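Here's a small set of exercises to work through with the model open in your viewer. Try each task before reading its solution.

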Amino acid sequence: MSVKFAYRSGETWAEPWDDYRALRDEDPVHEVGDGQFWVLSRFEDVFAAARDTATYSSANGLTTAPDDMASFDEKARPIVMMDPPEHTAMRRLVSRPMTPRQVAPVEDLVREFITDKLDTVADAGNADIVQSLFKPLPSYLVAHYLGVPPEDRVLFDRWTERIVQATAESTAEYGQDASAFLELFEYASGLIERRKTDPGDDLVTGLVQVGEDVASAMWIVGFIFTMITGGNDTVTGMLSASTVLLDRHRDQRRALIDDPSAIPNAVEELLRLTSPVQNLARTLTRDMTLHGVTIPEGKKALLLFASANRDEREFGPTAGELDVNRKIDKIVALGYGAHHCLGASVARLQCRVALEELLGRFPDYSVDEGTARFAGGWSTRRYEYLPFSTG
């Protein structure tokens, strides 16, 4: 078997698509490291696994490292590393503010933030669009939902950047930047105490008010870390890769400029093709046989979301091409089932408004892929530097 899976990071993220296709076509249940873990690459298999939490468990972590949970305090176990029914109960506590109906009023804040940042880009004519907009935007939204006061957001943004970077470069732990974690832990603990006597309209207040017996202070701290690690580099990856795709395919970009009402549908297509979270792992609770290959109970399966989202068996012969008018039934870019991304509506809002404003302001923009750089990290594909010219 010539096809092999290898984790990517940095510049090796540039073009993984041919390797993914080879896995789908030649070895859809691909064994790595003599039984270390298996890779699922076809849409049908990844979609089924994402929905079957009884067989594909998240409780032993989301990486292929055997000791994935070693760095987590059980009292602060992230919600993404729980299975139903525990996961269902905890998700219910935090999901309401991020439903599509509840997210809608946030649009004005998002648009104002984006237009302010693009004003600066317009004045300069050239900018690193990641640092100028695509990195600060999700950090701003995460801080908003957590109720971080405006005067603290400079510090919060600094901690977020360091933690996201450390997490991205680690396959098993929260990374190596211990000082950032300690500083944010102390800040989060203080924010929790403050919300006990000075409540706000935010997620931390809501969790404090349900009581320690339901959501302990340690669990709330863990949730804050989950919001930071799950809500930042993913959106940065989606926005930066979408900007590149629309520069490569200027006919598709023109279609959106001519008909901005098509942008919400285009967001789904861009999510499908960019798949910022390229892969996450699950642990088998029983033997599972797929395509004649058995993955033993207790072993890990890596769900290759980005490959699944380009599977010709699901999306037809043009699966690898951008079509902003494609009608999509389902994708796994934001997970599916019980572990569907908690912030999916917020992510879609950010992408839609960013595209509306960016294309409206700079219809002839260009990016310099030759000098652009991908960030390190084994799971999330994102640019850390993307030169942008307003045209």
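**Exercise 1. Work out how helix 12 packs against helix 14.**

Start with the geometry: helix 12 and helix 14 (residues 263–274) have axes 10 Å apart, at an angle of about 100 degrees. Helices here are DSSP runs of H or I with at least four residues, strands are E runs of at least two, and both are numbered from the N terminus. Axes are lines fitted to C-alpha atoms, for helices over the stretch in contact, with angles from 0 to 180 degrees between N-to-C directions. Next, classify: under 35 degrees counts as roughly parallel, over 145 as roughly antiparallel, 65 to 115 as roughly perpendicular, and the rest as oblique. So helix 12 and helix 14 are roughly perpendicular to each other.

Now list who touches whom, with contact meaning heavy atoms within 4.5 Å. Helix 12 brings M238, A241, S242, L245 and L246, while helix 14 brings L270, L271, L273 and T274. Sorted by class, that's 7 nonpolar, 2 polar and no charged residues. (Nonpolar covers Ala, Val, Leu, Ile, Met, Phe, Trp, Tyr, Cys and Pro; charged covers Asp, Glu, Lys and Arg; the others, Gly among them, are polar.)

Before going on, a note on the source: this is a predicted model, where local features need pLDDT of at least 70 and side-chain atom pairs count only at pLDDT 80 or more, while totals for chains, interfaces and linings use all residues. Residues are numbered from 1 along each chain as its sequence is written, and side-chain values use heavy atoms, leaving out hydrogens and water.

**Exercise 2. Do the same for helix 11 and helix 12.**

The axes of helix 11 (residues 217–231) and helix 12 (residues 233–248) come within 4 Å and cross at roughly 15 degrees. That makes helix 11 and helix 12 roughly parallel to each other. On the helix 11 side you'll find T229, G230 and G231, meeting D233, T234 and V235 of helix 12. The class tally for this contact is 1 nonpolar, 4 polar and 1 charged residues.

**Exercise 3. Trace the open sheet of 5 strands and place strand 5 in it.**

The order is 1-2-8-5-3, with mixed pairing; two strands pair if DSSP finds at least two bridges between them. Strand 1 (29–32) and strand 3 are the edges, each pairing on one side only.

Then look at the neighbours of strand 5. With strand 8 (residues 300–303), strand 5 pairs in the antiparallel sense over 4 bridges. R282 has A301 as its bridge partner there, and T283 stands opposite K300. With strand 3 (residues 56–57), the pairing is antiparallel too, over 2 bridges, and S57 partners T283.

Last step: why is strand 5 (residues 280–284) largely enclosed by the rest of the structure? Because 4 of its 5 residues are buried (buried is under 20% relative accessible area, exposed over 50%, partly exposed in between; 1.4 Å probe, protein chains only).

**Exercise 4. How many disulfides does a search of the whole structure find?**

The search gives 0 disulfides, a disulfide being a pair of cysteine sulfur atoms within 2.5 Å. Check C341: the nearest cysteine sulfur, that of C351, is 13 Å away. As for accessibility, C341 is partly exposed at 27% relative accessible area, whereas C351 is buried at 0%.
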